[in-house]
Structure formats: C-alpha cells, structure tokens
Amino acid sequence: MRVRLYQALPYYRAMNTHLSAPANSTTRGTLACVGLGMTLGSHLTPLARSHIEQADVVFAALSTSASEMWLRRMNPNVHSLQPYYGEGKSRQKTYREWVDVMLAEVRAGKRVCGVFYGHPCIFAWSPRTAVNEARAEGFVAHLEPGISAEDCLYADLGIDPGRFGCQHFEASQLLFYERRIDATGYLVLWQAALVGDWSLTRFETGPAYKQVLVDVLSADYPLDHEVIVYRAATLPIDKPQIRHVTLRDLPTTAMTAEDTLVLPPATALKPNQAIRQRLRILDEAHSLA
Amino acid sequence: MSNTIDLLEAIGKDAALRHASAEDLGKVLEQANASDALKAAVQAGDSSLLGAELGHKPMRVNHDSHTGGHEGEEPDHKDDQDHPQQPANPVPSDASHA
C-alpha cells in the first residue's frame, strides 16, 4: 500500500484518528455558543463544527443567507434568530429574546448550539449572557471562538497591532463619552454606519451623524488623513472590500453595518526620555552586579 | 447541476480555489456543472448575483446593544415598550467588547 509523505507525519495521523466520546448518560441540557468565522467554508474550527453537528437544536445569527444554508448541511434543526429583529424594535429586546429562546431549550434538556458569525464574544451580547446565565443555573456551557472581522482585517490590510499599538472603539462610544485617542497607533472604529444612534432601533444613521464623528476625530487627525473603509469577505468568491478616503470625505462615503473604519497612525511615536534614562540606570546597575 | 452551497464550501476550504483568478475558477465551475448564477457571480466578482438563487433574505449584522451609550444597561425582556430612549446618564461599562 502506498503511503504518502504527509501520512507519516504525526499531525496528519492525528487528523485521521477517530475516538468515540462517552455516551451522555444525563438528560441535562447544555449550551455552546460558537463562532462560524467570517468566510463560508474557510474559517469554521473543527471544534465549533463538532458542537454544531452534535447539537439537538441550533440557533443562528449569521450575516448571509448562504451561511444559514451551509449551517443546515451540518445540522438540519437550525432556527434563525433573524426574525426577532423588527423595524422600530429595540435591539436590546431582540437580544434578550435570543437569550431566552436558547435557555428555554437548555432547560428542556436539549444540547443547544448558538452559532454567530465571526466570533461569538465580539459585538455580540447574547452569547456571553446566555452562557453566563446557563452556568449560573448549573448547566454546562461553552463559548468557542471563531475567526472574527478583526482577525481578517489584520490579514487583509497587513496590519500588525503590536507595531504601533491599536485602539478599538464602537464608533458611537467616541461621541457619547470622552475617550482618549492615541493617534500614534492604529484606530479601528466599529459600527460606524450607525454612529450616533441612541435609540438602538436604527441600522444606519447618515452623513450628518458621520460629520459629528469627523469633527471629534479632527481633534487628533488632519482632515486629509487617510481612512480605510474595510469589509471582510463573507463568501469565498468575494474579495475583501478596501476603500481609501480622506477623513474629510467620510460623511459622504456610503457605508453599511458591515463596514469598519481604520485610521492609520497620524503622528510618530515620541520617545519617553525620562523612562529610557531610568532603564539605562537599571541596566548599568544590573551589569555591575 | 451541482449544489451552489456545496461548491462555495469547496472553494472556501481549498487554497488553490479560494484565491484563484475569476478565469481559472470559472473553468473549474464549468466542469463542476455549477449554476449559471454562481458562474456569473464569479465572473463579475459580485456575489450579489447569487441573490436570486439563494434568496434575497435580508440579514441584520448588529448583535450588540451594549455600546453606544448603553454600556451599563441590562435589557429588560419583560418591558414591552420599544420606544427609543436616550439614556439620561450613560455609565461607562467595564465590560469588554473585544
């Protein structure tokens, strides 16, 4: 029998090893909230897929109907959470309903899996809350990470957040609170399409609201500073969408909820001479010891 | 005709296909008996052309309400009022959103 080279490697041998899980002797419900990743077919982890396949019931909050259809291939008992949204309905109420509907099945003794696009803990209130409440009631509950829009952003834009540092804010937070921006590092703003929305009922605001954001940012950035409008690929036949605009033109730039703003550093890192001197003294003391 | 979801998954998990040119991917899809919509979407670089085949189902992508001035709030599912309210004194949360 011909053995291929890769089959001799321990890692690949492990990939083809199948173990039988112990039979579940309890009827207690369980909950796993997992991330599907951003791109259909590319990002789902083996563990997240296993949670989906082994669940009695799956709830889904995904970004494309194709992803929902793909999910139904893994488990036919999928319930979309999308119908809980409503025009003029507060999203706070929608997300509380998501928690309640998942926990009701857990309490009924079901193995429940909540599937969220990207990462289940990033800009998603319901998975964390559902898992915390399930644990508080004595149920076994897990959060399993997925490849997020932030992960894709770093790869598609070639940004290393460790080089200059990187701040992340939900865009409206910059308007509602006095936050300190560090323009020597990257600034990433999420949900900018609905910046300034207090109501939690809108999915987009508009140019006048984005102008307020520009006015706030202009305290730290020149108006001709480059802003990247980024959107990760959700289908594998897509490419990431990367648009470069000036800060000045942001209000008239069309955006949707999937778009994220990235502001590259505007100013150079400033050496901290006092701390450097203090460290030099420490180095000298240690070298003498 | 091959199933479009199966083909999308196959493209998504194959390094040679995921980053193939539209021309090369088009040839592969032709051989795989892909739907006209999928072939057109690949050729045009526009996945919205799949809408007619997969359904034009609008999908919301905002899954968090604990930002934007509502950081410290707890949703009250017993409250049936959906009226938009401006928080009187929004309190910064120590909750992580990253």
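This is a guided tour of a predicted model, moving from the domains of chain A to its contact with chain B and then to some single residues.

Before selecting anything, note that residues are numbered from 1 along each chain as its sequence is written, with chains lettered from A and ligands numbered from 1 in the order in which they are written. Because the model is predicted, local features need pLDDT of at least 70 and side-chain atom pairs count only at pLDDT 80 or more, while totals for chains, interfaces and linings use all residues.

**The two domains of chain A**

Select residues 27-147 of chain A, which form domain 1, and then residues 150-263, which form domain 2; these bounds come from an automatic or database domain assignment. The C-alpha centres of the two domains of chain A lie 27 Å apart. Where they touch, domain 1 of chain A supplies 16 residues and domain 2 of chain A supplies 11, two residues being in contact if their C-beta atoms, placed from the backbone, lie within 7 Å. On the domain 1 side of this contact in chain A there are six nonpolar, eight polar and two charged residues (Ala, Val, Leu, Ile, Met, Phe, Trp, Tyr, Cys and Pro count as nonpolar, Asp, Glu, Lys and Arg as charged, and the others, Gly among them, as polar).

**The nonpolar core**

Next, centre the view on L31(A) and V115(A), the residues with the most contacts inside the largest nonpolar core, which has 86 residues. Such a core is a set of buried Ala, Val, Leu, Ile, Met, Phe, Trp, Tyr and Cys residues joined through C-beta atoms within 7 Å, where buried means that 20 or more other C-beta atoms lie within 10 Å of a residue's own. Helix α4 (residues 91-107) of chain A gives the largest share of this core, six residues, and each of the two domains of chain A contributes at least three. Helices (H or I, at least four residues) and strands (E, at least two) are DSSP runs, numbered from the N terminus. Around L31(A), leaving aside neighbours within four places in sequence, the contacts include M102(A), V112(A), V131(A) and F139(A).

**Helix α3 of chain A against chain B**

Now select residues 65-74 of chain A, helix α3, together with residues 4-12 of chain B, helix α1, whose axes are 10 Å apart and cross at about 90°; the axes are lines fitted to C-alpha atoms, for helices over the stretch in contact, and angles run from 0 to 180 degrees between N-to-C directions. The two helices, α3(A) and α1(B), are therefore roughly perpendicular, a class that covers 65 to 115 degrees. From α3(A), A66(A), M69(A), W70(A) and R73(A) meet I5(B), L8(B) and E9(B) of α1(B). This contact of α3(A) with α1(B) has five nonpolar, no polar and two charged residues. Among the buried residues of α3(A) are A66(A), W70(A) and L71(A), and the partners of its buried residues include β2 (57-61) of chain A and α5 (51-54) of chain B.

**Chain B as a whole**

Select all of chain B, which has five helices and zero strands. Buried residues make up 26% of its 98 residues.

**Two loop residues with positive phi**

Most residues other than glycine have a negative phi. Go to F123(A), where phi is near 50°, in the loop between β4 and α5 (125-136) of chain A. F123(A) counts as buried because it has 22 C-beta neighbours inside 10 Å. End at Q191(A), with phi near 60°, in the loop between β7 (186-190) and α9 (207-217) of chain A; Q191(A) is likewise buried, with 25 C-beta neighbours inside 10 Å.

Key. Parallel < 35°, antiparallel > 145°, perpendicular 65-115°, else oblique. Buried ≥ 20, exposed ≤ 12 C-beta atoms within 10 Å, placed from the backbone.
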